[in-house]
Amino acid sequence: MTDAVVVGSGPNGLAAAMVLSGAGLSVAVVESNDTLGGGARTKEATLPGYLHDICSAVHPSIMLSPYFNAFDLASRGVEMLQPEVPYAQPMDGGRAGIAHRDLERTADGLGRDGRAWTSLMRPLVDGWRELGDTFLSDMRTFPYARRAATLPVSVAAGLRVLEQGSPLWNLRWREDLAPALLSGVATHAIAPARGLAPAGAAVFLASLAHSVGWPIPRGGTQVVVDAQVDELRRRGVTFTTGHRVRSLGELPRTRAVLLDTSPKDMQQIAGDLLPRWYRRLLSTYRHGDGVCKVDFALSGPVPWANEDCRRAGTLHVGGTRRELLEFELGVKRGEHSDRPYVLAVQPDVVDPTRAPAGGHTLWTYTHVPNGSTLDRSEAITDQIERFAPGFRDLVLHRAVATAAQEEAEHPNYVGGDISGGAVTPWQMIARPVPTWDPYRTPVPGLYLCSSSTPPGPAVHGMNGVHAARRVLRQRFGIRQEPLDFVRSAAA
Ligand SMILES: Cc1cc2nc3c(=O)[nH]c(=O)nc-3n(C[C@H](O)[C@H](O)[C@H](O)COP(=O)(O)OP(=O)(O)OC[C@H]3O[C@@H](n4cnc5c(N)ncnc54)[C@H](O)[C@@H]3O)c2cc1C
């Protein structure tokens, strides 16, 4: 009998498998795709030799993650490359808000708002470890060291979220660059920027640019997966690909099943075993709006009108704070605007391995209503052209995945919702149900470990670690700190 079966090989499935195998358990991983890694894969999506991250591309969360710090990617040959400019917000007229690694240098470029930017960010930059402990916790306990120091940083973060997520959000700003720069980050939450969840994303992610950075792995995000899979195979973990699990009966006999799946797939897999009260709770769980992803193969670097944007790893393209807000409100109303917010990543600023000599890649997506079947590549191209005249002429090839196609290729991204559930303050805690142990289901031995559990989306593996902690305790009576089982794997 296999001790544990993990369904899904995304970052959280792999992290769970790492903890469990480190504890000496036999583990099997079953994956629906033909390749391993879920939202952390890289492939030639456009032309031969052009490598594209088909989902995640930029990784402050890896740098912050207790799991990845214990796993120690560097010792396994994974290089996290830091762009000189972590992120930028191009504006009309060749102007831009530029976030540098250095906080003071960033403030220097923000005119009369420089000091306001520094005061917003400083406590969070200084307390990045504690901030990470909070944001990457199971939202119920704070198991990772530094408990006492966590409180002041959490309070500082909370106050800033309340300010930037409320009608007071423009009080501290006098010009347009700094608020646009912040809203560009807030809009990662796929919601109108003037809300608590986007404000949380904004202060958290923006501050990380000045501490751990927004790095890009050399060779593509797949290298992060490959390093883990190598280690898991070394520990005897087995992998089956190309098998979409639809019922528990398809799995080998085991004492624990961990689902790195959507709650929707979980319901199908568990079937009638889930009691009605639990199904009723799950039925209140909401998915957010979706993304339309467009990868470009280019014959040259993007000719941003602003020189500093040419050195940025990530760009939030869409103009002013007001424009970004209007765009997201439109998505919420079910609209597809011709002037979209575009999240763009140019890995080539640090990683020459992504394209053949002379070639370049550009990773982009925009937000669309959940389930949208519209191809937004023209609107994305036009919006980039607005801030980078001549861009269109460089396009050799575009690969498009509409929101509906995102779900077809990645079952967890229901309707193209890449966060595994709408990012709202309530759903960040009650994910996917408002229970004390959201990983454990009422079916004995069945657990959920995907980004539809706390602490939510991004590549950090902590949902998998939190779920595996429960499995070890509840199914195998092992109470040791789960990260010890990851650390013991360090090369
Ligand atoms: C376009 C896009 C851009 C993103 N950008 C970033 C970024 O830059 N940085 C960042 O940190 N995060 C980013 N994310 C989010 C990040 O990729 C996810 O939060 C993360 O991958 C979630 O990990 P997971 O293990 O929970 O799920 P996933 O990575 O989705 O993995 C789940 C796995 O389970 C498999 N599976 C699901 N159901 C079944 C089933 N029934 N049977 C068998 N297998 C199944 C899936 O095929 C998949 O391989 C992005 C996501 C997308 C889609």
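**Notes on the ligand site, the voids and a few backbone oddities**

1. Start with the ligand: 35 residues surround it, and Asn12, Glu31, Gly39, Asp265 and Ala458 come nearest. A residue counts as near the ligand if one of its heavy atoms lies within 4 Å of it. Before you go further, note that this is a predicted model, where local features need pLDDT of at least 70 and side-chain atom pairs count only at pLDDT 80 or more, while totals for chains, interfaces and linings use all residues. Residues are numbered from 1 along each chain as its sequence is written, and side-chain values use heavy atoms, with hydrogens and water left out.

2. Now the polar contacts (pairs of N or O atoms within 3.5 Å). The side chain of Asn12 puts an N or O atom 2.8 Å from an oxygen atom of the ligand. From the backbone, a polar atom of Ala458 is 2.8 Å from a ligand oxygen, and an N or O atom of Gly38 lies 3.4 Å from one. As for burial, the ligand taken alone exposes 990 Å², and the protein buries 96% of that; the areas are Shrake-Rupley values with a 1.4 Å probe.

3. Who builds the shell? Helix 1 (11–22), helix 11 (263–270) and strand 14 (360–368) each supply at least two residues. Helices here are DSSP runs of H or I with at least four residues, and strands are E runs with at least two, numbered from the N terminus. At the domain level, domain 1 (2–32 + 243–285 + 419–487) and domain 2 (42–59 + 77–101 + 289–417) each give the shell at least three residues; the bounds come from an automatic or database domain assignment.

4. By class, the shell around the ligand has 16 nonpolar, 14 polar and five charged residues. In this scheme Ala, Val, Leu, Ile, Met, Phe, Trp, Tyr, Cys and Pro are nonpolar, Asp, Glu, Lys and Arg are charged, and the others, Gly among them, are polar.

5. On to the voids, found on a 1 Å grid over the protein atoms alone: a cavity is a set of points where a 1.4 Å probe fits but cannot get out, a pocket is an open set with protein on both sides within 12 Å along at least five of seven lines, and lining residues have an atom within 4 Å of a point. The second largest pocket has a volume of about 270 Å³, the volume being the space filled by probe spheres set on the points. Its lining has 17 residues, with Ile190, Ala191, Gly288, Lys332 and Ala422 nearest the centre, and splits into eight nonpolar, five polar and four charged.

6. The whole structure holds one cavity of 30 Å³ or more. The largest cavity has about 40 Å³ of space, and its lining includes Leu51, Asp295, Arg354 and Trp363. Strand 14 gives the most to that lining, with three residues.

7. Finally, some backbone geometry to check. The Arg431 to Pro432 peptide bond is cis, with omega near 0°, and Pro432 sits in the loop between helix 16 (425–429) and strand 16 (446–448). Pro454 to Pro455 is also cis, with omega near 10°; Pro455 is in the loop between strand 16 and helix 17 (462–476). Met139, a residue other than glycine, has a positive phi near 65°.

Definitions and conventions:
A polar contact is a pair of N or O atoms within 3.5 Å; within protein, one must be able to donate a hydrogen and the other to accept it, and residues adjacent in sequence count only if both atoms are side-chain atoms.
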